[in-house]
Amino acid sequence: MSKTPQAIRGTQDIFGPDAEAFAFVVETFERVRKLYRFRRVEMPVFEKTEVFSRAIGETTDVVSKEMYSFEDRGGDSLTLRPEFTAGIARAYLSNGWQQHAPLKVATHGPLFRYERPQKGRYRQFHQIDAEIIGAAEPQADVELLAMADQLLKELGIDGVTLYLNTLGDGDSREAWRAALVEHFRAVKDELSEDSQERLEKNPLRILDSKDRRDQRFVADAPKIDQFLSGDARAFFDAVTSGLDAAGVKWTRAESLVRGLDYYRHTAFEFIPDEGSEAASKLGSQSTILGGGRYDGLMESLGGAPTPAVGWAAGIERLAMLVGDRVEPKADVIVVVENDDLIDSAIAAIARIRAGGHPAELMATGSPRKRFDKAVKAGANKIVAFDMRDGAEHVRIKADDEETASLVKLLG
RNA sequence: GCGAUCGUAGCUCAGUUGGUUAGAGCGCCGGUUUGUGGUACCGGAGGUCGGGGGUUCGAGACCCCUCGAUCGCCCCA
């Protein structure tokens with residue numbers, strides 16, 4: 001038994017270039033979110049278990065086997081949030097945020113899912129999230145997708161395609177689902193074991209099965225388009241024409257479905273193109289940003305029918321795609337080459353930092369090697385304190401203009 | 001939850017069919033050298049070989065268990 005405790009499986013200690021990439025994703029999201037006028041919200045990390053079980057659906061994998069649920073000291077069943085949407089919906093209802101509708105909100109933070117860890121999949125992971133609540137218009141879907149598209153562009157991520165589908169309204173979705181069950185039940189024995197199970201729990205999922213045995217029957221499976229009501233079709237057409245107008249490229253994916261029960265109408269995922277650099281960085285975790293419309297969710301939490309759309313993206317997955325970000329170098333390094341001058345150096349670096357320059361003090365280790373360490377650290381401005389002829393001597397290594405401004409700063 | 005591969009200094013790795021005191025490079029610390037500079041040389045610290053058990057005269061290596069990482073399935077962001 002080793003004496004130092006190990007980190008919990010599936011958690012990460014993010015440091016160095018990885019932490020810089022993580023911060024870059026969050027900072028870029030914050031900037032883009034303001035561009036689209038989404039308001040910032042902070043949400044609890046845990047909720048009553050029923051918030052998730054009712055909103056997401058009892059039969060989903062997330063609820064039935066991936067939640068971190070526990071009883072608190074008062075005997076209530078609580079759950080560490082496995083996603084943002086259900087908690088935001090609960091907050092919308094319990095705080096009377098209807099008065100702000102249509103409400104555009106954004107947040108980010110940790111989520112928890114008890115899954116087998118893999119590259120790009122963790123038990124504590126982090127998402128950025130954007131929601132528009134109380135907006136029934138297809139323009140809301142368009143705005144949300146335009147924001148996602150711009151975010152990915154500003155992160156410098158390319159080789160990614162937006163796949164778009166509609167699940168229709170509640171009636172369309174149910175009719176389609178029933179037809180799918182009928183279609184696949186006829187050939188049940190020839191389906192993969194996984195899909196035979198999906199037939200009962202989540203028949204839509206059979207459509208994106210990777211198993212060859214299933215794919216034979218997927219090709220001629222009923223299409224959602226056959227079941228779309230006139231309104232549902234008009235809604236989807238409005239979304240796609242809005243995307244075209246916004247300059248957002250998209251691809252129709254008829255078999256794209258979402259795992260959670262609450263989705264209606266628009267469903268979408270941003271997925272790296274096969275064979276692209278992005279795809280190889282992500283391994284088998286292909287979706288980097290996904291979401292859709294969830295008009296039925298509020299009712300499952302006891303609220304009035306409320307239309308809403310949202311998406312979430314995994315920060316770790318995005319960070320893998322933006323690549324290593326170098327930690328910024330110090331603007332100025334103050335080197336103490338003689339320990340008697342430490343106080344002079346402390347006074348100097350205080351002024352430099354007050355002047356707005358990121359600065360580092362180099363005053364440990366062999367005095368003779370400190371200057372070399374400063375040079376090696378890559379600072380372009382170095383202020384060195386040393387004794388020369390029995391008196392304090394300050395040397396500045398920088399170009400002339402910078403030297404002048406440093407001299408002024410140091411008085 | 002299922003299947004597979006892998007765990008040796010801080011990092012990247014070597015370590016012969018099982019055989020003395022487990023090594024190298026980089027990094028770190030110290031000394032000398034250089035002295036408007038990222039040099040060179042010398043020295044040092046740092047490993048219960050992921051953890052536990054077993055086989056053996058002897059295990060870093062072989063076997064079992066366990067923990068973790070990675071890859072695929074499932075699921076998802």
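## A protein and its RNA strand

Let's start with a pair of strands: E5 and E6 run antiparallel and are joined by 10 bridges. Keep in mind that what you see here is a predicted model. Within this pairing, Ala106 has Ala130 in E6 as its bridge partner. On another side of the story, strand E1 (residues 39-40) runs parallel to E5, with 2 bridges between them. Here Arg40 stands opposite Ala106 in E5. So how enclosed is strand E5 (residues 103-112)? Of its 10 residues, 8 are buried, so E5 is largely enclosed by the rest of the structure.

Here is some background on what holds such strands together. Strands of a sheet pair through backbone hydrogen bonds, either parallel or antiparallel.

Now look at an open sheet of 4 strands, which come in the order E13-E12-E14-E15 with mixed pairing. Strand E13 (359-362) and E15 are the edge strands, and each has a single partner strand, so one side of each has no neighbour in the sheet. On average, neighbouring strands of this sheet are turned by 20° against each other, if you ignore direction.

You can trace the mixed pairing strand by strand. E12 and E14 are parallel, paired over 5 bridges, and in E14 the bridge partner of Ile333 is Ile382. Strand E14 (residues 381-388) and E15, by contrast, run antiparallel and are joined by 7 bridges. Ile382 shows up again here, with Lys397 as its bridge partner in E15. Phe385 is matched in E15 by Val394. E14 and E15 form a hairpin with 2 residues between them, and Asp389 in the turn has a positive phi of about 55°.

What packs on this sheet? That would be helix H14, which touches strand E12 (332-336), E13, E14 and E15. The direction of H14 makes about 170° with that of E12.

H14 also takes us to the RNA. RNA strand B is surrounded by 42 residues, and the closest are Arg113, Lys119, Thr287, Arg368 and Arg395. Of the RNA atoms that come within 4 Å of the protein, 53% belong to sugar and phosphate. What sort of residues make up this surface: nonpolar, polar or charged? The split is 8 nonpolar, 13 polar and 21 charged.

Three contacts show different parts of the RNA being approached:

| Residue | Protein atom | Part of RNA strand B | Distance |
|---|---|---|---|
| Arg116 | side-chain N or O | base nitrogen | 2.7 Å |
| Lys119 | polar backbone atom | phosphate oxygen | 2.6 Å |
| Gly290 | backbone N or O | sugar or linking oxygen | 3.2 Å |

Several elements give two or more residues to the surface near RNA strand B: strand E6 (124-133), helix H7 (193-201), strand E10 (289-293), strand E11 (308-314), helix H14 (367-377) and strand E15 (391-397). Which of them gives the largest share? H14 does, with 6 residues. So you have now met H14 packing on the sheet and lining the surface near the RNA.

Finally, pick out Glu182, which lies in helix H6 (residues 170-185). Is Glu182 buried or exposed? Its relative accessibility is 61%, so Glu182 counts as exposed, because the cut-off for exposed is over 50%. Glu182 and Ile133 are 49 residues apart along the chain, and their C-alpha atoms are separated by 35 Å.

Key
Residues numbered from 1 in each chain as written. Chains lettered and ligands numbered in written order. Predicted model: local features only at pLDDT ≥ 70, side-chain atom pairs only at ≥ 80, totals over all residues. Heavy atoms only, no water. Near = heavy atom within 4 Å. Polar contact = N/O pair within 3.5 Å; in protein donor to acceptor, adjacent residues only side chain to side chain. Nonpolar A, V, L, I, M, F, W, Y, C, P; charged D, E, K, R; others polar. Pairing = 2+ DSSP bridges. Axes fitted to C-alpha atoms, helices over the stretch in contact; angles between N-to-C directions. Contact = heavy atoms within 4.5 Å. Buried < 20%, exposed > 50% of the residue type's maximum accessible area, 1.4 Å probe, protein only.
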